Amino acid sequence: MKEYYGGIEAGGTKFVCVIANGPDDILTEERFPTTNPAETIQKTILFFQRAVEKYKIRLTSLGVGSFGPIDLHNSSKSFGFITTTPKKGWENTDLIHPIKKSLGIPIAFDTDVNVAAIGEGKWGAAQNLNNFLYFTIGTGIGGGAIIDGKPLHGLIHPEMGHIRISQDKSLDPYHGKCPFHPNCFEGLASGPAMEERWGQPAELLEEDHPAWNLESDYIAQALSNFICTFSPMKIILGGGVMQKKFLYPMIHKKAQEYLNYYVQSEIILSRISDYIVPPGLGNQAGMLGAIALAQSI
Ligand code: ADP
Ligand code: ZN
C-alpha cells in the first residue's frame, strides 16, 4: 500500500485539498468554495476518506495552512481554531479536531502564508534559504516568515498585512477596506480595496491605469519596512493581484527608492529582481506547502 501525505489549503474563498508526496507526485486534488464551517469541513473529510478507498493508499499525516487569525499554541484550549476572523460564520471555529477525529492521523497546522513559505523553501523560490518572507496580495494581505529555518509564530502569529502605511490623502482619499485600521497595508492594497477604490476588479485595470502606481507604492513601502525588520534573504510575492507581472519591476524600483541605498546588500542594490520574486511553485505554493508541513511532523 503506497503511502502519501495530505494537505489542506484552507482559504477564505476556497479550500484546496490534495494528496501528494511532492510537486512531481500529486495523486489527486479537489477545490471547493468555502461555505459554512460544518459543510466545508465535512467536504474536506469526505475528500480524504474517499480518496484513501479509491486509490487504496495510506495517509501518513496531514498538513493544514489556514486563513486566520488562528490559534497555533499547542497548550491552548482553542488550539487548531480559527479565532477572531472577520469572515462571517467562521469566528471561533474548531478546524483541526473534527478532521483529526475522522481521519485519525497526525495533523500539523499553521497560517496559510507560513505554509506557502514552507513549500517555497522546500521546492520553490527559497530553496536553501534560512530566512525569507512570503506574502499573498489577494483577497487579503498576509505575510509568512521563515526565520532560522522555522516558521515564525511568536505571541500569536505575524499579521504583516495590518502594518500602517503612509497614505497621501490628496492623492488617494480612499478610506480603506480594513474594519480595524483606516490605513493598513491590507486595507489599502488588497484586491477588494482596489476594486472598491476604482470601481472595477483589479484584474480588469489596464497597465497604464493610475491604480498600479499607487498599488506598487504601497507594496514597496511595506516591503522596505519588512526588509529593515526581518533582513530576509528573499521576498516572495504571491496572490491574485500579483498575477499582474508588470507590478514586479514597479515594486523593485520603488523599494530601492524607499531604502535609499541604506541596506548595503548587492542583491538589493543591483539584482533586486532576484530578491523580490514570484512564487517558484506558482499557485501551488499553498497546497504543496501543506504537503511539506505534513512531512515535517
Ligand atoms: P484568495 O486571496 O482568496 O486566495 P486570490 O489570491 O486569487 O484569492 O485573490 C483574489 C483577489 O485577487 C481578488 O480581489 C481579485 O480581484 C484579484 N485578482 C485575481 N486575479 C487577478 C489578476 N489577474 N490581476 C489582478 N488582480 C487579480
Ligand atoms: Zn488592518
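C228 is exposed, with a relative accessible area of 52%. That value sits over the 50% cut-off for an exposed residue. This is a predicted model, and the cysteines are a good way into it.

Does C228 pair with another cysteine, and what is the count of disulfides? C228 is in no disulfide. The nearest cysteine sulfur belongs to C184, and it is 20 Å away. A disulfide needs two cysteine sulfur atoms within 2.5 Å. By this rule, the count of disulfides is zero. C17 is a contrasting case to the exposed C228: C17 counts as buried because its relative accessibility is 0%.Two other cysteines, C178 and C184, are both buried. Each of them gives its SG atom to the zinc ion (ligand 2). The other two donors are histidine nitrogens, the ND1 atoms of H162 and H181. The coordination distances run from 2.1 to 2.4 Å. Along the chain, the donors follow the spacing H-x15-C-x2-H-x2-C.

Now look at the angles. The four donor atoms around the zinc ion (ligand 2) subtend 103 to 116°, so the arrangement is tetrahedral. The rule asks for all angles to lie between 85 and 135 degrees. For four tetrahedral donors, the ideal angle is 109.5 degrees.

Next comes ligand 1. The residues around it include T13, G138, T139, G191 and P192. Also among them are A202, E203, G239, G240, V241, Q243 and K244. By class, this shell has seven polar, three nonpolar and two charged residues.

Three side chains make polar contacts with oxygen atoms of ligand 1. In E203, a side-chain N or O atom is 2.6 Å from a ligand 1 oxygen. For T13, a polar side-chain atom lies 2.8 Å from an oxygen of ligand 1. For T139, the distance from a side-chain N or O atom to an oxygen of ligand 1 is 2.9 Å. How much of ligand 1 does the protein bury? Taken alone, ligand 1 exposes 570 Å², and the protein buries 74% of that.

Conventions
Residues numbered from 1 in each chain as written. Chains lettered and ligands numbered in written order. Predicted model: local features only at pLDDT ≥ 70, side-chain atom pairs only at ≥ 80, totals over all residues. Heavy atoms only, no water. Donors = N, O, S within 2.8 Å, 3.2 Å for Na, K, Ca; no water. Tetrahedral: all angles 85-135°; square planar, octahedral: opposite > 155°, others 65-115°. Buried < 20%, exposed > 50% of the residue type's maximum accessible area, 1.4 Å probe, protein only. Near = heavy atom within 4 Å. Polar contact = N/O pair within 3.5 Å; in protein donor to acceptor, adjacent residues only side chain to side chain. Areas by Shrake-Rupley, 256 points an atom, 1.4 Å probe, with all protein chains shown as cover. Nonpolar A, V, L, I, M, F, W, Y, C, P; charged D, E, K, R; others polar.
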